[in-house]
Amino acid sequence: MSYLVPSEFVTKMVDAGESKIFMSTRDTLIRAYMAGAILALAAVFAVSVTVQTGSPIVGAILFPVGFSMLYLLGFDLLTGVFVLAPLALIDKRPGVTLGGIFRNWGLVFVGNFLGALTVAIMMSIVFTYGFSVEPDAVGKKLAGIGEARTLGYAKYGIAGWFTIFIRGMLCNWMVSTGVVGAMISTSVSGKVIAMWMPIMLFFGMTFEHSVVNMFLFPSGLIMGGNFSIADYFLWNEIPTVLGNLVGGLAFTGLTLYSTHVKTAPKRSFN
């Protein structure tokens with residue numbers, strides 16, 4: 001495992017953020033679409049394994065295969081650009097503006113959502129033999145997840161909304177650590193190992209990930225889940241996106257940048 005020291009991989013994080021802000025609209029959308037679709041397929045895989053084995057931890061152990069695939073292929077998740085793009089502004093890279101960051105986030109959100117929605121529709125056809133029969137066990141599981149993680153929070157009111165926000169923060173603390181893992185090594189095996197650990201943790205703890213949810217909840221609705229599109233956005237997607245933004249930036253991006261790039265002067269004992 002070829003390891004980069006923190007000052008090297010954090011500089012790569014800033015470079016990556018700058019690159020994503022100046023990327024063309026076409027490439028940003030294509031990379032975000034593919035990332036959303038591959039992560040959705042990984043979620044299908046993890047839920048299927050959980051249903052087959054009856055053990056959620058087995059699904060959590062295997063879920064990171066999708067995250068590793070999409071980052072090795074150079075695709076982008078919203079949770080990743082939440083952390084990387086602002087670092088280029090904080091580092092005062094020429095031409096980087098707040099408007100450029102919001103443009104990047106908006107395009108990646110749209111691309112991730114379309115990719116995840118595409119897989120949700122395609123897998124719904126698989127689960128029901130083209131909507132000719134009732135959903136299979138995996139389809140029913142997805143419908144149940146959608147209800148539990150929208151209406152299940154809604155019954156607690158503002159406390160439920162705040163709980164989703166905190167679970168979103170914790171999620172992107174781990175997921176963005178996985179994004180850093182893709183830069184921490186120059187070998188494929190090193191990158192995969194470094195990405196796998198935090199992603200397994202987030203999925204095993206059932207934290208809220210905005211892009212995974214872009215698949216889970218539309219799929220749950222198609223599979224007959226008893227909740228609405230408004231429930232999905234109000235009682236999951238919106239607080240999850242905000243939590244992902246705050247958690248990833250505060251706990252991963254800013255902490256690494258402040259201590260490994262803008263290092264404080266050493267103490268003097270004279």
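These exercises work through a predicted model.

**Exercise 1. The nonpolar core**

Find which residues have the most contacts inside the largest nonpolar core, and which helix gives the largest share of this core.

Solution.
- Start with the core itself. It has 74 residues.
- Pick out those with the most contacts inside it: Phe 9, Met 13, Phe 63, Phe 67, Phe 202 and Phe 215.
- Now assign the share. Helix 2 (residues 25–53) supplies the largest, with 11 residues.
- Zoom in on Phe 63. Leaving out residues up to four places away in sequence, Phe 63 touches Leu 39, Ala 42, Ala 43, Ala 46, Ile 199, Phe 202, Phe 203 and Val 212.

**Exercise 2. Two annotated segments**

Compare the UniProt "transmembrane region" annotation with the helix content of residues 61–85 and 241–259.

Solution.
- Read the record first. The unreviewed UniProt entry lists residues 30–49, 61–85, 105–132, 153–175 and 241–259.
- Take residues 61–85. The chain there is 76% helix and 0% strand. The end C-alpha atoms lie 29 Å apart.
- Take residues 241–259. Here the chain is 100% helix and 0% strand. The end C-alpha atoms lie 26 Å apart.

**Exercise 3. A helix pair**

Are helix 7 and helix 11 roughly parallel or roughly perpendicular?

Solution.
- Get the geometry. Helix 7 (residues 137–148) and helix 11 (residues 210–222) pack at about 110°, and their axes are 8 Å apart.
- Apply the cut-off. Angles of 65 to 115 degrees count as roughly perpendicular, so helix 7 and helix 11 are roughly perpendicular to each other.
- List the contact. Helix 7 brings Leu 142, Ala 143, Ile 145 and Gly 146. Helix 11 brings Phe 215, Leu 216, Phe 217, Ser 219 and Gly 220.
- Sort by class. The contact has 6 nonpolar, 3 polar and no charged residues.

**Exercise 4. Three residues, three exposures**

Classify Ser 68, Lys 92 and Thr 206 as buried, partly exposed or exposed.

Solution.
- Set the limits. Buried is under 20% relative accessible area, exposed is over 50%, and partly exposed is in between.
- Ser 68 sits in helix 4 (residues 64–72). Its relative accessible area is 4%, so Ser 68 is buried. Not counting residues up to four places away in sequence, Ser 68 touches Val 192, Met 195 and Trp 196.
- Lys 92 is in the loop between helix 5 (78–90) and helix 6 (98–128). At 72%, Lys 92 is exposed.
- Thr 206 is in the loop between helix 10 (188–204) and helix 11. At 42%, Thr 206 is partly exposed.
- Check the backbone too. Most residues other than glycine have a negative phi. Lys 92 has a positive phi of about 60°. Thr 206 has a positive phi of about 50°.

Conventions
Residues are numbered from 1 along each chain as its sequence is written. This is a predicted model: local features need pLDDT of at least 70, side-chain atom pairs count only at pLDDT 80 or more; totals for chains, interfaces and linings use all residues. Side-chain values use heavy atoms; hydrogens and water are left out. A nonpolar core is a set of buried Ala, Val, Leu, Ile, Met, Phe, Trp, Tyr and Cys residues joined through side-chain atoms within 4.5 Å. Buried means under 20% relative accessible area, exposed over 50%, partly exposed in between (1.4 Å probe, protein chains only). Helices (H or I, at least four residues) and strands (E, at least two) are DSSP runs, numbered from the N terminus. Contact means heavy atoms within 4.5 Å. UniProt positions are given in the numbering used here, feature names are shortened, and annotations may be inferred rather than shown by experiment. Axes are lines fitted to C-alpha atoms, for helices over the stretch in contact, and angles run from 0 to 180 degrees between N-to-C directions. Angles under 35 degrees count as roughly parallel, over 145 as roughly antiparallel, 65 to 115 as roughly perpendicular and the rest as oblique. Ala, Val, Leu, Ile, Met, Phe, Trp, Tyr, Cys and Pro count as nonpolar, Asp, Glu, Lys and Arg as charged, and the others, Gly among them, as polar.
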